[in-house]
Amino acid sequence: MIDINNNVIFNSVDNGIIILDKELNILAWNRWLEILTYKKEADVINKNICELYENINEKKLKRKVKSVLVTNNPSFYNVDQNRYLIKIPVESITNSIYKYMQQNITIVPYDKDKELVCLFIYNTTNLRETNHKLELLNEELVEMTHRDPLTKLSNRRYFSMQSKKIQSYSKRNDTCLSLIVLDIDKFKNINDTYGHLVGDEVIIHIARALEKNLRDSDIISRFGGEEFVVLLQDCSIENAYLVAEKIREYIEKAEVIIDENTTIKYTVSLGVAKFDEQKDNDNLEQTFARADEALYEAKTSGRNKVVKAK
């Protein structure tokens, strides 16, 4: 045992301090560790730290201790994320993420002639928990900027971002890329007759209908109001037309049940276009414009139909 027990700093600092020899035998163990591990210094002295804590990678720690002794410089000992060197349960009721104290470890030379090092153990649990919460909040914020709040489908912003990537992939791999623009027929009549809340129910209904009838790889977006856009990867204009017709028929047969006395039936019109690098001047916005013109033709020629773009 090293005689440093009367060292005020050694026993009063708010972090763990361990003196180790090059064989990883413990020669000093401060008060902070005694309190948090319930192990008195007398119980751990001259014992190998890896025998006390089997989770420690002995080869890795020995290698790091040797490096510190050779270079005579401090070194950070990397503990894998969500891990620890000394197993110390976290008892705080405010901590809901970590079962054990998260730690940063620094190893410094203590006595080069006797080949001794000092391990400083810092409690990083609160910091990591805060970082974890910030990461979750950031993910939520990103999700909010990409989602339509009513239908939970992707919004126009997300569609624009993803469509550029998919267009690039499609050109690189020489695959077809098609697009469907869909609009609810006479949606204003639904709102005027039943109110906007019922109108919202219809919009949610069509969102679920699109999810049910499309592939996971398709990008389904609500562009605003009652207009939806679908980007179909690796899909010819012929197949896109069949998909659009399937959606039209599904919605035509479906009912939106509002309450015991109110059931709404509605229809949709759809315009379909295939991305054409020459015709669209390498711009997917032009494909959208052609699909939108086809949608307009479907609307003006009787509604509840699918029209292919010219």
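**Around Asp185 and strand β11**

Modeller: At 5% relative accessibility, Asp185 counts as buried. Keep in mind that this is a predicted model.

Biologist: Okay, where does Asp185 lie, in terms of the elements on either side?

Modeller: Start from β6, which covers residues 177–184. Helix α8 spans 187–194. Asp185 sits in the loop between β6 and α8.

Biologist: And which side chain does the side chain of Asp185 join in a polar contact?

Modeller: Skipping residues up to four places away in sequence, Asp185 touches Thr267, Val268, Ser269, Lys299, Arg303 and Asn304. From that list, the backbone nitrogen of Asn304 is 3.0 Å from a polar atom of the Asp185 side chain. The side-chain to side-chain polar contact, at 2.7 Å, is with Ser269.

Biologist: Ser269 falls in β11, residues 268–274. How many residues of that strand are buried?

Modeller: The cut-off for buried is under 20% relative accessible area. β11 has seven residues, and the strand is mostly covered. The number buried is six.

Biologist: Which strand pairs with β11 in the antiparallel sense?

Modeller: Look at Ile184, which stands opposite Val268 in β11. The antiparallel pairing runs over seven bridges, and the partner is β6.

Biologist: What about the parallel side: which strand is joined to β11 there?

Modeller: Leu270 is a handy marker, standing opposite Val306. Three bridges make the parallel link, and the strand is β12, residues 306–308.

Biologist: Is the β-α-β crossover from β11 to β12 left-handed or right-handed?

Modeller: Follow the chain out of β11 and through helix α11, residues 284–300, until it reaches β12. Handedness is judged with the strands pointing away from the viewer, and a clockwise path would be right-handed. This crossover is left-handed.

Biologist: Now the packing. Which element gives the most residues to the largest nonpolar core?

Modeller: That core has 31 residues, and those touching the most other members are Leu182, Ile184, Val202, Ile206, Tyr266, Val268 and Leu270. The elements giving two or more residues are β6, α8, α9, β8, α10 and β11. With seven residues, the top contributor is α9.

Biologist: α9 is 196–213, so Ile206 belongs to that stretch. Which residues is Ile206 in contact with, leaving aside neighbours within four places in sequence?

Modeller: In general, nonpolar side chains of soluble globular proteins tend to be buried together. Ile206 is one of the core members with the most contacts to other members. Its partners are Leu182, Ile184, Phe228, Ile251, Tyr266 and Val268.

Note on methods
Residues numbered from 1 in each chain as written. Predicted model: local features only at pLDDT ≥ 70, side-chain atom pairs only at ≥ 80, totals over all residues. Heavy atoms only, no water. Buried < 20%, exposed > 50% of the residue type's maximum accessible area, 1.4 Å probe, protein only. Helix = DSSP H or I, 4+ residues; strand = E, 2+ residues; numbered from the N terminus. Pairing = 2+ DSSP bridges. Polar contact = N/O pair within 3.5 Å; in protein donor to acceptor, adjacent residues only side chain to side chain. Contact = heavy atoms within 4.5 Å. Core = buried A, V, L, I, M, F, W, Y, C linked by side-chain atoms within 4.5 Å.
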